[in-house]
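Please find below a short note for your consideration. It is set out as numbered points.

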Amino acid sequence: VQLELAGHTQFFNRCDRNKETYVTKVHELLVGHQPNPAELEYWLTRYDAQNGIRRDLAREIQDAVGIR
């Protein structure tokens with residue numbers, strides 16, 4: 001459910017359609033804390049590599065922290 005929520009356009013809109021805000025909020029939702037600067041930079045790079053496909057990025061974050 002969290003993955004679907006994180007990938008939804010409405011969630012992105014609540015982040016002012018800003019990828020940095022979005023990545024921070026998804027990290028908080030899935031990991032439980034704000035990303036540190038290195039984590040934020042890494043996930044912003046991954047966001048761009050995923051061509052902004054938010055569901056795929058959320059899945060990547062989820063997989064990285066071992067959430068199922």
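The points below concern one buried residue, the nonpolar core and one pair of helices.

1. The structure is a predicted model, and the remarks that follow should be read accordingly.

2. His27 lies in helix H3, which spans residues 19-31. His27 has a relative accessible area of 3%; because buried means under 20%, His27 counts as buried. Beyond residues up to four places away in sequence, His27 touches Gly32, His33, Gln34, Pro35, Glu39 and Trp43. Between His27 and Asn13 there are 16 Å in space, C-alpha to C-alpha, for a separation of 14 residues in sequence.

3. In the largest nonpolar core there are 15 residues, and those with the most contacts inside it include Tyr22, Val23, Val26 and Leu57. At least two residues of this core come from each of helix H2 (9-14), H3, helix H4 (37-49) and helix H5 (54-65). In soluble globular proteins, nonpolar side chains tend to be buried together.

4. Leu57 deserves separate mention. Apart from neighbours within four places in sequence, Leu57 is in contact with Tyr22, Val23, Trp43, Arg46, Tyr47 and Gln50.

5. How are H4 and H5 arranged, by the angle at which their axes cross? The axes cross at roughly 140° and come within 9 Å. The two helices are therefore oblique to each other, and their crossing is right-handed.

6. On the H4 side of this contact are Tyr42, Trp43, Arg46 and Tyr47, which meet Arg54, Leu57, Glu60, Ile61 and Ala64 in H5. Of the residues in the contact of H4 with H5, six are nonpolar, three are charged and none is polar.

Definitions and conventions: Residues are numbered from 1 along each chain as its sequence is written. This is a predicted model: local features need pLDDT of at least 70, side-chain atom pairs count only at pLDDT 80 or more; totals for chains, interfaces and linings use all residues. Side-chain values use heavy atoms; hydrogens and water are left out. Helices (H or I, at least four residues) and strands (E, at least two) are DSSP runs, numbered from the N terminus. Buried means under 20% relative accessible area, exposed over 50%, partly exposed in between (1.4 Å probe, protein chains only). Contact means heavy atoms within 4.5 Å. A nonpolar core is a set of buried Ala, Val, Leu, Ile, Met, Phe, Trp, Tyr and Cys residues joined through side-chain atoms within 4.5 Å. Axes are lines fitted to C-alpha atoms, for helices over the stretch in contact, and angles run from 0 to 180 degrees between N-to-C directions. Angles under 35 degrees count as roughly parallel, over 145 as roughly antiparallel, 65 to 115 as roughly perpendicular and the rest as oblique. A crossing is left-handed if the near helix is turned anticlockwise from the far one by less than a right angle, and right-handed if clockwise. Ala, Val, Leu, Ile, Met, Phe, Trp, Tyr, Cys and Pro count as nonpolar, Asp, Glu, Lys and Arg as charged, and the others, Gly among them, as polar.
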